[in-house]
Amino acid sequence: MRSRTGGRGADFMIDTLGAVASLDSLGDAMRGVGRGGRIVNIGGTAGELGVDVKWWMDEQMELIGSVWFTAAEGVELAGLLGSGAVDISVLRPRSWPLDEINDAISGVSSGEGGFTSYLVEI
């Protein structure tokens, strides 16, 4: 990112990596953010992330965590979906029987992660 911005870096980055993503990817993306940038983590990446605190301070970085949306925002989104104001026809839902739950979950590592939701039939 820095090479594409003349060394300045991005103004912000949003991490939407799934739970099986490498923390190295998150760290690498963070280093592509320029001074005063914002780093937003809404992905499922987990673990201890070593961060150079001096770099954090000198570059005036801001890290923002999010759980995607609040319950009230979920209700608002449901209303938008119900009214047709948001078109989700491009999404292709999939479901699995309960006895295939492990197959459904392992789909994350095959590239079906990120914005994929899993519906399990009980």
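How many helices and strands make up the secondary structure of the protein chain? Color by secondary structure and count along: there are four helices and five strands. Keep in mind that this is a predicted model. Walk from the N terminus and the elements come up as β-α-β-α-β-α-β-α-β. While the whole chain is on screen, two overall figures: buried residues are 16% of its 122 residues, and of the contacts with a separation of 6 or more, 58% link residues 24 or more positions apart.

Next, select residues 10-15 and 33-41. These are strand 1 and strand 2, running parallel and joined by five bridges. To get your bearings, show F12, which sits opposite R38 of strand 2. Now add residues 23-31, helix 1: the chain passes through this helix on its way from strand 1 to strand 2, making a right-handed β-α-β crossover.

Then bring in residues 62-65. This is strand 3, parallel to strand 2 and tied to strand 2 by four bridges. A handy pair to label here is V40 and its bridge partner I64 in strand 3.

Last stop: D15, back in strand 1. Show its side chain and look for partners. Which side chain of opposite charge is nearest to D15? That would be R31, but R31 is 13 Å away, and D15 is buried with no salt bridge. What the D15 side chain does reach is the backbone nitrogen of L17, at 2.9 Å. Leaving aside residues up to four places away in sequence, select L26, V40, N41, I42, G43 and T45 to see what D15 touches. You have already met V40 as the partner of I64.

Notes:
Residues are numbered from 1 along each chain as its sequence is written. This is a predicted model: local features need pLDDT of at least 70, side-chain atom pairs count only at pLDDT 80 or more; totals for chains, interfaces and linings use all residues. Side-chain values use heavy atoms; hydrogens and water are left out. Two strands pair if DSSP finds at least two bridges between them. Helices (H or I, at least four residues) and strands (E, at least two) are DSSP runs, numbered from the N terminus. A crossover is right-handed if, with the strands pointing away from the viewer, the path from the first strand over the helix to the second runs clockwise. Buried means under 20% relative accessible area, exposed over 50%, partly exposed in between (1.4 Å probe, protein chains only). Lys and Arg count as positive and Asp and Glu as negative; His and the chain ends are not counted. A salt bridge is a side-chain nitrogen of Lys or Arg within 4 Å of a carboxyl oxygen of Asp or Glu. A polar contact is a pair of N or O atoms within 3.5 Å; within protein, one must be able to donate a hydrogen and the other to accept it, and residues adjacent in sequence count only if both atoms are side-chain atoms. Contact means heavy atoms within 4.5 Å.
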